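Thank you for asking me to look at this model before our discussion. My comments are set out below as numbered points, to be read with the coordinates open.

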Amino acid sequence: MSPSHQVVIADTFHVDLKTNQSRYLQGEMITGSLNFTYDEHYPADDLAIPSNFELTLDNIEACLKEHIIEQSKATSAPQLSQTAKKTLLCNSLKLNPGENQSLELLFELPHNCRITDQQHQWSITCAFTLAQEIHTIEQPILISPAEPLLTIANACVSEGDFTEFNYHWNQQQGYISIQFTPSPELYKEIDHMKLRLSLAESGEVNGSLWVNLQEKRRQDYFNALFDKDIKRCEISFDTNELNSAQQVYAKVKEKLTYLLNQVKSQG
């Protein structure tokens, strides 16, 4: 069943906003519909819309909205800023009693857009004018990392030495940070591993691999105070590598081994 949200303007007139799914990946197409229904039976107490009255809807717009929730320094209440992509669905639409009309929605998400988390939210919002009054209807949607990024994260768990992962969007730098929990054996060497990744329009994934080393000596604890226990290197995956979980983790393991050997040689 498609996700939907309904607004009842009056007993005889209601609006449904539907999307084909509730969760999307970066770069995917969002499709949906905005449906208007004008009932032909009229309750006697419905004074909002007279009987046998033709409805005219003007300036029907759809908008893909990105909500960025920021914590204000002046107050503890979160502040909400918004950016939007708008499209005009219809200049004017007329409805007679007993009629319904549907308008199609279509939006393409940016290939490297922000994902849904505590600081970032997305929605589809539609607005129209009826009897000189603007009405709006909104449907929240969830945005997850693109398929190649999820492929990399899942490969590190299914093929590698990690038990789970979580991710978040870095707003300032514009990349997805994926943090992995190592297996008990690998935990002897590292506290955790991070991949900071971004997806190119070509389908390649570029970024860096970071490891936070375990403290084994007194000097290690001193190094941790200044983040000297964190080692990093560049990493990238072409589209062919992304077709195989084994190849993906082989690349990760190669880089991880390189960093660990580098630490041992310096010790």
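The points below take up the sheet, the aromatic pairs, the nonpolar cores and two contacts between a charge and a ring.

1. As a preliminary remark, this is a predicted model, and every comment that follows should be read with that in mind.

2. I begin with the open sheet, in which four strands follow the order β1-β2-β4-β7 with antiparallel pairing. Strands β1 and β7 (100–108) stand at the edges, and each has a single partner strand, so one side of each is left without a neighbour in the sheet. From one strand to the next, the twist averages 15°.

3. Within this sheet, strand β1 (residues 4–10) pairs with β2 in the antiparallel sense over six bridges, and β1 and β2 form a hairpin with two residues between them. The register can be followed at two positions, since S4 stands opposite K18 in β2, while Q6 stands opposite D16 in β2. On to the next strand, β2 and β4 are paired in the antiparallel sense over seven bridges, and here K18 stands opposite S33 in β4. K18 can therefore be used to trace the register across, as it faces S4 of β1 and S33 of β4.4. How enclosed is strand β2 by the rest of the structure? Six of the seven residues of β2 (residues 13–19) are buried, so this strand is largely enclosed by the rest of the structure. In the neighbouring strand β1, where A10 has its place, this alanine is also worth inspecting: A10 counts as buried because its relative accessible area is 8%, under the 20% limit. The C-alpha atoms of A10 and Y38 are separated by 9.5 Å, although these residues are 28 residues apart along the chain.

5. Turning to the aromatic side chains, a search of the whole structure finds six aromatic pairs. One of them is formed by F36 and F128, an edge-to-face arrangement with 5.4 Å centre to centre and 90° between the planes. This pair links distant parts of the chain, with F36 in strand β4 (residues 29–38) and F128 in strand β8 (residues 120–130), 92 residues apart. F36 counts as buried because its relative accessibility is 0%, and F128 is likewise buried, with a relative accessible area of 2%. These two rings belong to one aromatic cluster, which is formed by F13, F36, Y38 and F128.

6. A further aromatic pair is formed by F162 and F180, and this one is tilted, with 5.6 Å centre to centre and 55° between the planes. F162 lies in strand β10 (residues 162–170) and F180 in strand β11 (residues 175–182), so the pair ties together parts that are 18 residues apart in sequence. Both F162 and F180 are buried.

7. Which residues have the most contacts inside the largest nonpolar core? They are F162, I190, M193 and L209, in a core that has 32 residues. The elements that give two or more residues to this core are α1 (147–158), β10, β11, β12 (190–199), β13 (205–213), β14 (230–237) and α3 (245–266). The largest share, six residues, comes from α3. Apart from this core lies another, of 29 residues, among them Y38, L95, W122 and I137. As general background, nonpolar side chains tend to be buried together in soluble globular proteins.

8. F162 deserves a point of its own, as a member of the tilted pair and one of the residues with the most contacts inside the largest core. Leaving aside residues up to four places away in sequence, F162 touches C156, V157, F180, T181, P182, S183, L186, I190, M193, Y249 and L256. This list includes I190 and M193, which are also named among the residues with the most contacts inside that core.

9. Finally, two contacts between a charge and a ring should be checked by eye. The charged end of R196 sits over the ring of W210, at 4.0 Å from its centre. The charged end of K251 sits over the ring of F237, at 5.5 Å from its centre.

Definitions and conventions:
Residues numbered from 1 in each chain as written. Predicted model: local features only at pLDDT ≥ 70, side-chain atom pairs only at ≥ 80, totals over all residues. Heavy atoms only, no water. Phe/Tyr/Trp six-rings, centres within 6.5 Å; stacked < 30°, edge-to-face > 60°. Buried < 20%, exposed > 50% of the residue type's maximum accessible area, 1.4 Å probe, protein only. Lys NZ or Arg CZ within 6 Å of the ring centre and 35° of its normal. Core = buried A, V, L, I, M, F, W, Y, C linked by side-chain atoms within 4.5 Å. Contact = heavy atoms within 4.5 Å. Pairing = 2+ DSSP bridges. Axes fitted to C-alpha atoms, helices over the stretch in contact; angles between N-to-C directions.
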